[in-house]
Amino acid sequence: MKKRIGIIGGGQLGLMIAQAAHRLDAFVTALDPSPDAPAFAEADARIVGAFDDLAALERLCEASDVVTYEFENVPGDILRHLEGKYNIKQGIAPLFDSQDRLREKDNARMHGLEPPRYRAVPAMDDVPLEAEACAALTPQARLLHLGMAVGKIGMPCVLKTRTLGYDGHGQAIIRSVEDMEKAADLLTVPCILEEMVDFDFECSVIMVSDGKDIIHFPVSRNIHREGILDLCIVPASGLQNGGGENDLCRRITASCESFMKSCGYRGILAIELFVKGDRFYFNEMAPRPHNSGHWTIEGCTTSQYMELCHFLLGLPLKRPELISPAVMKNILGQDLDAAKTVVAESLVGAGPGIEVSASEDVDNAFCGEAGKGVYVHLYGKTQSRPKRKMGHITFVPMTPEQYYSVWAARFV
Ligand code: AMP
């Protein structure tokens, strides 16, 4: 009988988990509030339900031998209830720890990773105010709280809501007193104020652990625009020397692995970091496949989705090897037409060894054969908007120099 995987969340990550699960002959059920969620196109069974709808979540769990999540904001009390009854194999601890930026950074520090300097705000005698107390603050009190925190952290700094922020939402950069006045509006909810790291570059480490073995994917150098991931470049320049990974890269991956082990997490974990000189700072973590790991589908001998499924199904983990240099471009709403043009032109022979495959052909890339091409993944979202993630393109083999000279101009 087929093993049954349940996925909480039906976005593009769920879609790509389901594609990998099908390659391993598993039966997939996905739950999402939106009837046209991307993963529903691939899943064998669909449950339309809200992430706080306990009955719907229970139906998903009942229909599955093992459950995973690609959505991070399922309420904690519901998660605890589900964990007690069903096989949520990663457990809820990494999800719970990542749901609140304050808890997440305290936890990173406790387990050996260094975040940028941060403070909870509003706070009274260093004790963070609860949500109700924040909501009751007057505009003047909010500004006062922020002023005190900025006095301790210094400018420039970044104010972020502790929960429910993503892709730059719920964030304000503070470089001046005027910025502070605008940013103080965020303080109707609990926030965290961080020093602004003048980093050389950002990178991410994606790991999978089955509790015994731990693997990590080649580190990706990540370029964000307006708080949203734009490009991933692998191998990550700045983390290489002539012969492969440099000492800094090895320190980064060793620290991330040691963090994951120390926390006792199992399953998949992505950690985003800022690199400055020979130091690195923990930014955030996600206990699910990560946008900065999409390129592993074609650029690696095994993908982040496949290794998550190996973990879920109790199969041995496979150590990923880079096939060739890769670049991943996120396709946001404003780039969708350009991405469709790439597919329509079917640019076979556009450059040495460059072929275009639409998403139907992407399956081939899971075989781990030397990937070569321009792999366009469109997620099938029915509504496109600027800044909404609509797809991605992975270029293999591709150096950043080639990308910038041949491809970059096509996109907004
Ligand atoms: P986040 O949602 O916290 O990952 O923030 C989105 C992006 O904003 C990051 O990938 C960085 O490019 C930038 N950013 C966030 N926090 C900081 C910080 N403390 N210092 C410098 N840049 C930051």
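## A guided look at helix α2, the ligand shell and some unusual backbone spots

Visitor: Which elements do the buried residues of α2 pack against?

Guide: Welcome! Keep in mind that this is a predicted model. Helix α2 covers residues 54–62, and its buried residues are Ala56, Leu57, Glu58, Leu60 and Cys61. An α-helix has 3.6 residues a turn, so residues three or four places apart point the same way. The buried residues of α2 pack against β1 (4–8), β2 (27–32), β3 (45–48), β4 (66–69) and α3 (76–85).

Visitor: At the start of α2, which backbone nitrogen does a side-chain oxygen of Asp53 reach?

Guide: Look at the start of the helix, where Asp53 offers a side-chain oxygen. That oxygen comes to within 3.2 Å of a backbone nitrogen, and the residue is Ala55.

Visitor: Is Cys61 buried or exposed?

Guide: Cys61 sits in helix α2. Leaving out residues up to four places away in sequence, Cys61 touches Val67, Leu82 and Tyr86. Its relative accessibility is 3%, and the cut-off for burial is under 20%, so Cys61 is buried.

Visitor: How many Å apart in space are Cys61 and Leu82, C-alpha to C-alpha?

Guide: Leu82 is among the residues that Cys61 touches. In sequence the two are 21 residues apart. From C-alpha to C-alpha, the separation is 8.0 Å.

Visitor: Where does the side chain of Glu70 reach a backbone nitrogen?

Guide: Glu70 lies in the loop between β4 and α3, and it counts as buried because its relative accessibility is 10%. Its contacts beyond four places in sequence include Ile7, Gly9, Gln12, Gly14 and Arg288. The side chain of Glu70 reaches a backbone nitrogen at 2.8 Å, that of Gly14.

Visitor: What distance separates the C-alpha atoms of Glu70 and Arg288?

Guide: Arg288 is one of the residues that Glu70 touches. Along the chain, Glu70 and Arg288 are 218 residues apart. Their C-alpha atoms are separated by 5.6 Å.

Visitor: Let's turn to the ligand. Which residues come nearest to the ligand?

Guide: There are 15 residues around the ligand. By class, this shell has five nonpolar, four polar and six charged residues. Those that come nearest are Lys160, Glu194, Glu195, Val197 and Glu202.

Visitor: How much of the accessible area of the ligand does the protein cover?

Guide: Polar side-chain atoms of Lys160 and Asn283 lie close to ligand oxygen atoms, with Lys160 at 2.7 Å and Asn283 at 2.9 Å. An N or O atom in the side chain of Gln171 is 3.0 Å from an oxygen atom of the ligand. On its own the ligand has 470 Å² of accessible area, and the protein covers 92%.

Visitor: Which elements give two or more residues to the shell around the ligand?

Guide: Single residues are not enough here, as the question asks for elements that give two or more. Those elements are β8, β10 (191–195) and β18 (279–286).

Visitor: Which residue of β10 does Val158 stand opposite?

Guide: β8 and β10 pair in the antiparallel sense over five bridges. β10 also pairs with β5 (residues 118–121), antiparallel and over four bridges, and there Tyr118 stands opposite Glu194. On the β8 side, the residue opposite Val158 is Glu194.

Visitor: Which residues form the covered face of β9?

Guide: In a regular strand the side chains alternate between the two faces of the sheet. β9 (residues 171–174) pairs antiparallel with β8 (residues 157–161) over four bridges, and Cys157 has Ile174 as its bridge partner. The uncovered face of β9 holds Gln171 and Ile173, and the covered face holds Ala172 and Ile174.

Visitor: Which residue does a cis peptide bond join to Pro156?

Guide: Pro156 is found in the loop between α7 (139–153) and β8. Another cis bond joins Val234 and Pro235. For Pro156, omega is about -5° and the partner is Met155.

Visitor: Is Asp125 buried or exposed?

Guide: Asp125 is in the loop between β6 (123–124) and β7 (127–128). Its phi is positive, about 50°, although Asp125 is not a glycine. With a relative accessible area of 75%, against a cut-off of over 50%, Asp125 is exposed.

Conventions:
Residues numbered from 1 in each chain as written. Predicted model: local features only at pLDDT ≥ 70, side-chain atom pairs only at ≥ 80, totals over all residues. Heavy atoms only, no water. Buried < 20%, exposed > 50% of the residue type's maximum accessible area, 1.4 Å probe, protein only. Contact = heavy atoms within 4.5 Å. Polar contact = N/O pair within 3.5 Å; in protein donor to acceptor, adjacent residues only side chain to side chain. Pairing = 2+ DSSP bridges. Near = heavy atom within 4 Å. Areas by Shrake-Rupley, 256 points an atom, 1.4 Å probe, with all protein chains shown as cover. Nonpolar A, V, L, I, M, F, W, Y, C, P; charged D, E, K, R; others polar.
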